[in-house]
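Let's take a walk through a protein together, one piece at a time. Have the sequence and the 3D view ready, and follow along at your own pace.

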Amino acid sequence: MSERDVFEYALLRVVPRVERGECFNAGVVVYCRARSFVRARTHLDEARLRALDPAADTTGVRAALRAVEGVCAGGEQAGQAARDDAGRRFRWLVAPRSTVVQPGPVHTGLTADPEAEVERLLDLLVR
């Protein structure tokens with residue numbers, strides 16, 4: 001059996017009208033400190049978005065989700081966060097905020113493959 005490491009994850013929720021509090025899952029952010037790993041994957045269900053808010057800014061929501069993926073990826077697309085380590089980027093992304101794309105609570109688990117965990121959680125909790 002391969003070695004398993006602790007990982008943390010948070011769902012990314014789309015809250016089209018913050019004042020109403022209705023939301024749906026549109027992504028996941030996974031962090032594994034032992035492997036200096038942080039990654040986000042997103043999937044926007046436009047039908048759900050339109051059901052909650054027919055006038056929602058789909059382009060803006062997609063851009064916000066892509067921005068989360070960019071911060072996780074690091075490099076130039078991460079902006080100022082590019083200088084931060086994986087843990088700092090994860091903590092910044094999962095900090096509570098009142099925007100259209102919001103992080104949910106942080107959960108933990110064990111994994112031998114954080115990359116596979118991202119896909120598993122996306123399939124299980126988002127798609």
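How many of the 10 residues of strand β1 are buried? Find residues 5–14 and look at what surrounds them: eight of the 10 are buried, so this strand is mostly covered. Keep in mind as you explore that this is a predicted model.

Now look at the strands that pair with β1. With strand β4, residues 101–111, β1 pairs in the antiparallel sense over nine bridges. To see one of these pairs, start at Asp-5 and look across to Thr-111, its bridge partner in β4. Strand β2, residues 24–32, also runs antiparallel to β1, and seven bridges join the two. Here you can pick out Ala-10, whose bridge partner in β2 is Val-29.

Before moving on, here is a helpful idea about strands. In a regular strand, the side chains alternate between the two faces of the sheet.

Next, zoom in on Glu-8, which is found in strand β1. Why does Glu-8 count as buried? Its relative accessibility is 16%, and the cut-off for buried is under 20%. The side chain of Glu-8 has a partner: a polar contact of 2.8 Å joins it to the side chain of Arg-91. Leaving out residues up to four places away in sequence, Glu-8 also touches several others, including Val-29, Tyr-31, Phe-90 and His-107.

Let's turn to the nonpolar residues. The largest nonpolar core has 23 residues, and Val-14, Val-29, Val-38, Leu-44, Leu-49, Val-61 and Leu-65 have the most contacts inside it. Several elements, namely β1, β2, β3 (37–42), α2 (58–73) and α3, each supply at least two residues of this core. The largest share comes from α2, with five residues. For a closer look, try Val-14: beyond its neighbours within four places in sequence, Val-14 is in contact with Phe-24, Leu-44, Leu-49 and Val-61, among others. There is also a second, separate core of 11 residues, which includes Phe-7, Leu-11, Val-118 and Leu-122.

Our last stop is Arg-89, in helix α3, residues 86–94. Which side chain of opposite charge is nearest to Arg-89, and how far away is it? The nearest is Asp-85, 6.4 Å away. A salt bridge needs the charged atoms within 4 Å, so Arg-89 has none, although this residue is buried. Arg-89 does have other company: not counting residues up to four places away in sequence, Arg-89 touches Val-38, Val-71, Cys-72, Gly-74, Ala-81 and Asp-84.

Key:
Residues numbered from 1 in each chain as written. Predicted model: local features only at pLDDT ≥ 70, side-chain atom pairs only at ≥ 80, totals over all residues. Heavy atoms only, no water. Helix = DSSP H or I, 4+ residues; strand = E, 2+ residues; numbered from the N terminus. Buried < 20%, exposed > 50% of the residue type's maximum accessible area, 1.4 Å probe, protein only. Lys, Arg positive; Asp, Glu negative; His and termini not counted. Contact = heavy atoms within 4.5 Å. Pairing = 2+ DSSP bridges. Polar contact = N/O pair within 3.5 Å; in protein donor to acceptor, adjacent residues only side chain to side chain. Core = buried A, V, L, I, M, F, W, Y, C linked by side-chain atoms within 4.5 Å.
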